[in-house]
Amino acid sequence: MANYEDVFKKVVAHAKEYGFVFQSSEIYDGLAAAYDYGPNGVELKNNIKNYWWKSMVNMHENIVGLDASIFMHPTTWKASGHVDAFNDPLIDNKDSKKRYRADVLIEDHIAKIEAKIEKDVTKAAKRFGDAFNKEEFVTTNGRILDRQKQIDAINEKMNTSLSSGDLEGVKTLIEQLDIKCPVSGTNNWTDVRQFNLMFKTQMGATADGSSDLYLRPETAQGIFVNFLNVQKTARMKIPFGIAQIGKAFRNEIVARQFIFRMREFEQMEMQFFVRPGEEMKWYEYWKDFRMKWHQALGMGEENYRFHDHENLAHYANAATDIEFKFPFGFKELEGIHSRTDFDLKAHQEHSGKKLQYFDPELGESYVPYVVETSIGLDRMFLTVLSHSFREEKLENGESRVVLKIPAFLAPIKAAILPLTKKDGMPEKAREVMKMLQLDFNCQYEEKDSIGKRYRRQDAIGTPFCITIDHQTLEDNTVTIRDRDTMKQERVTVDKLHAIIAEKVNIAKYLES
Ligand code: ATP
């Protein structure tokens, strides 16, 4: 584990050093779980948003976009169930005074047992070599089966207690498992309490006239309350979807792990409205579609898995997470939920306005069912950043840090580098820059040796470095260096556009 933690620390330090992510209000010693995206970060983030939007909205005739406000009428959150049920179970250690999410303490305990299983599998794989059959090993090995049984029993107890609101049961489980506080090392716990995750604020100037508002904890409700506005104005026919990218706010009890869990974050959500009874078909469709979207990035199929929910939220009849193998283990990256007609019905009841659709084929009106795909943009950013971070030893004994970001997501597509600052090279370089910068995000750099400039571009994941040298002035050729192979090729200036365009083309990622 130490190794993973080291890598993660390096990723966090790298993100700061190269202008991807800064701690919010750093000059005031920072604000917990709030982060700012720097010059390279904002480009990467925009490129991820673009990949999602193109895939979900532009490539689906039956999905349209929305940008709803963060403030919503407070009754929205009563109707959605967030006022009464958007809680996390909280527990404090009396010795360290540290606060934890009770369910996360139990999940971390389970992760430790899973790690033991993983260790046994790795050992056995080494021992048996090519003859090793993982599937057979994990279904027959006595020790692994015992451990799996333990995990299942813990999960069952936790889910039963959580879904029935039995907080004492959750505490008893923590005691039975002898879970200790990682800081104090003791199991001196308080009772478990519920903690509402919504941030409250006021709108309006006068004390009497002001009303309590919440910062939205998810973007989905902005879509539900606009269901009829969008359906009617865009003349959508069921099945259809509404997509939105925007900020959400949660007063998370424990917000560690950098941008994985923040108190202000961004979601990319799509609500797909379907005929009642057809939701499972669409749930399967979106599970498959979203997994392919992730895997198209080429970050390793083995790094993704589904995790079906046993403890379903109050609005869902099926739910799964797409988990990614972050440096600290497999964790949720995206949720896919079959939300039934819960939300639209609840808004109908609380607002007194009908939220129904007249289905011309069936000749009847109904409240549609909803399948949702919901992904955290910041978590997606972290998958790309952590997976692409590499420290490489080079043949000449030197080393380099390189971000092997999928080329179309890279903040800068090409760096334009005059070899020296004289002999008309900067002027020629500016000409090349002008030719390319409308279609590709380019960076002009003339400071430091060419080797140092290559390293800086490697560190931010720039796929191409284009060097303008003496020969360029004679025959209009430049060298173009590939980030991954570090190979350089001499090409005429007029070929550059096509070479870059081929490499950073988003189309091949969207064809899946
Ligand atoms: P978790 O179990 O990690 O708290 P969740 O199940 O509450 O997440 P959802 O409500 O399903 O999350 O939200 C959808 C997505 O929004 C998540 O898959 C995640 O990518 C993202 N997300 C949720 N909470 C946060 C947060 N505090 N910081 C960053 N991203 C978040």
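Modeller: A residue counts as near a molecule if one of its heavy atoms lies within 4 Å of it. This is a predicted model, in which local features need pLDDT of at least 70, side-chain atom pairs count only at pLDDT 80 or more, and totals for chains, interfaces and linings use all residues. Residues are numbered from 1 along each chain as its sequence is written, and side-chain values use heavy atoms, with hydrogens and water left out.

Colleague: Which residues around the ligand come nearest?

Modeller: There are 16 residues around the ligand, and Glu252, Arg261, Met262, Glu332 and Leu333 come nearest.

Colleague: What makes the approach of leucine 333 to the ligand a polar contact?

Modeller: A polar contact is a pair of N or O atoms within 3.5 Å. A backbone N or O atom of leucine 333 is 2.8 Å from a ligand oxygen, so the pair qualifies. Glycine 376 offers a polar backbone atom 2.9 Å from an oxygen of the ligand, and phenylalanine 260 one at 3.4 Å from a ligand nitrogen. The protein covers 86% of the 590 Å² of accessible area (Shrake-Rupley method, 1.4 Å probe) that the ligand has on its own.

Colleague: Why is the meeting of arginine 101 and glutamate 252 called a salt bridge?

Modeller: The term requires a side-chain nitrogen of Lys or Arg within 4 Å of a carboxyl oxygen of Asp or Glu. The N to O distance here is 4.0 Å, so the rule is met. Across the interface of domain 1 (1–86 + 197–393) and domain 2 (88–195), bounds taken from an automatic or database assignment, the rule finds one salt bridge.

Colleague: How is the size of that interface expressed, and what is the value?

Modeller: The area buried between domain 1 and domain 2 (accessible area lost on being put together, summed over both) is about 930 Å², with carbon and sulfur atoms giving 52%. In domain 1, Leu197, Ile253 and Asn311 lose the most area to domain 2, together 52% of what that side buries.

Definitions and conventions: Buried area is the accessible area (1.4 Å probe) that two parts lose on being put together, summed over both. A polar contact is a pair of N or O atoms within 3.5 Å; within protein, one must be able to donate a hydrogen and the other to accept it, and residues adjacent in sequence count only if both atoms are side-chain atoms.
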